[in-house]
Amino acid sequence: MAAARPLGLFRNINAKIAAIPMVLTALVVFTGGTIWTVVYSFTNSKLLPREKFVGFQQYERLWGTERWNVAIENLLIYGACMVVFSLVIGFVLAALLDQKIRFENTFRTILLYPFALSFIVTGLVWQWLLNPDFGIQSVIRALGWESFDFDPLYNADIVIYGVLIAGLWQGTGLVMCLMLAGLRGIDQEIWKAARVDGIPMWKTYIFIVIPMIRPVFITTLVIIASGIVRLYDLIVAQTGGGPGIASDVPAKYVYDYMFQGQNLGQGFAASTMMLLAVLVVIIPWAYLEFGGKKRV
Amino acid sequence: MSDPGILNVAGVGADALDGPRGPKPRRRFSRRNIFIYGTLIVVALYYLLPLWVMVVTSLKGMPEIRLGNIFAPPVEITFQPWVKAWAEACTGLNCDGLSRGFWNSVRITVPSVILSILIASVNGYALANWRFKGADVFFTILIFGAFIPYQVMLYPIVIILREIGLYGSLTGLVLVHSVFGMPILTLLFRNYFTSLPEELFKAARVDGAGFWQIYFQIMLPMSLPIFVVAMILQVTGIWNDFLFGVVYTKPDLYPMTVQLNNIVNSVQGVKEYNVNMAATLLTGLVPLVIYFISGKLFVRGIAAGAVKG
């Protein structure tokens, strides 16, 4: 930043005019909106926001609701599996594509195309594929394995894994692409040195390459994690939260209470909890990434 | 097809003379290659499977779907499901098909893409070349704002839109898309403009060019690729949006994704899976076409989100 520039509102006025949308977004929508929601989560607003403060009552009710606990549990299962599987699968695919193979572009195009599709489309396709009467289950039964059972969308115990299958199909391509970009940044000399020393390839990957592209892993992790918290469309399209409430997630809980249940206070409290969950991920990351240095 | 033989002969020759030298000769069907290509082909088939099932299901008649296997190609190809999905499928009382949602999505996506790119490019340019006191603070808030769950800001935005009389209108939704597209796009443009040689900007300044003149006559012509990347990013993102569409518009203005979900997941009537799949494909077609045409630029667009500024 040029320090010699004198102060004054009209200095550099055009740049300030150009930045007005950013300032309004940052202050009014992002900061103002967030604070507003957090403040009103302490009221007993029903159909309309009211300034009747009731302390932590909404939060007590929230954590006492079975539906919210199911939603949180689902998010934890989905989140943990999504992080682990998409990182592992994404990295392995990227490593395979990085072997100087032919048709690399074709493979990459195929692995990434689901990412261009919306969660609604993804959810509906997999709803059809997992349909027990026509989908994978019925095809395998028709092949002769009569007792084959695979109907995750109709089984409350495993429905979240049915959603996970669709989520992985949609999102792994992105992880692969990010990892591949990271692998391409590795100096070829490292590979030569490892080969000269007779280190097996898998060991080179685990002990040398992965630590080297640690920043890529962290960035990818943050991207996956912020996507997980937002998980909403996929659930709406694929299961509608069902059977019953078995595949509910926090984002759907918030939407239903805010715009359908006419219980704004609950919605605000639930969305504040979502915010808290994101902060738990973001703050350590920001600290690690930019800690001390003033740079974004 | 004769390559392996030749390579082997060359390898033996080198061995005999002065030990191994140069890259190890590879046979085309080494165990390693079979493993790599085998895995990739199986994975690629798995990834293509849903697309294949969508296409074949949408081309079958209902009797064939009830009897047959979802992976089998259609015995008798019919385009009736596509016609029905586009022009006749019902949501609630309206029975004019997905075409309504399609045109709504067009009317949402086009202005949102233009407005958001306009705002973000000028803003990114200001942040890169005309930094003012406090700019970094707002920019940092903006970037961190990108991580706040949308649910936290949903209701305050309802109030803001209601106050300015745009709640439930397409204009309101366009504003919302522009606001939420701002963090990533501003980052994209700021980084791009920062990477341009500074001498260019200084030379223009010395010649007396002002803020807008430099933007329109120097920066804009030089940054067409990044505008294309931003466009791809925004068109697919906004076309695929569901949450904002359902919260900030009314039923007859619903974008295509919302209408699609209402058609497929409606509880009344007999389920017509072929029509559902045709509707799903129709909705996915716009981003898919963009994806297959744009290729590497699409990858650059999504990677842009990952690269920190």
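Angles between helix axes under 35 degrees count as roughly parallel, over 145 as roughly antiparallel, 65 to 115 as roughly perpendicular and the rest as oblique. The model on screen is predicted, and local features need pLDDT of at least 70, side-chain atom pairs count only at pLDDT 80 or more, while totals for chains, interfaces and linings use all residues. Residues are numbered from 1 along each chain as its sequence is written, and side-chain values use heavy atoms, with hydrogens and water left out.

Select residues 201-212 and 214-229 of chain A, which are helix α10 and helix α11 (DSSP runs of H or I, at least four residues, numbered from the N terminus); the two pack at an angle of about 65 degrees with their axes 4 Å apart, where axes are lines fitted to C-alpha atoms over the stretch in contact and angles run from 0 to 180 degrees between N-to-C directions. α10(A) and α11(A) are therefore roughly perpendicular to each other. Their contact (heavy atoms within 4.5 Å) is made by Ile210(A), Pro211(A) and Met212(A) on α10(A), and by Arg214(A), Pro215(A) and Phe217(A) on α11(A).

Next, select Asp98(A) and Arg184(A), whose side chains meet in a salt bridge at 2.9 Å, N to O; the term requires a side-chain nitrogen of Lys or Arg within 4 Å of a carboxyl oxygen of Asp or Glu. This pair links distant parts of the chain, 86 residues apart, with Asp98(A) in the loop between α4 (66-97) and α5 (104-116) and Arg184(A) in helix α8 (residues 159-184). Over all chains, the whole structure holds 11 salt bridges.

Now show both chains: 95 residues from chain A and 91 residues from chain B take part in their contact. The buried area, meaning the accessible area (1.4 Å probe) that two parts lose on being put together, summed over both, is about 8400 Å² between chain A and chain B, with 77% from carbon and sulfur atoms. Zero salt bridges are counted between the two chains.

Finally, colour chain B by its assigned domains, domain 1 (3-58) and domain 2 (99-304), whose bounds come from an automatic or database domain assignment. The two domains bury about 500 Å² between them.

Terms used. Chains lettered and ligands numbered in written order.
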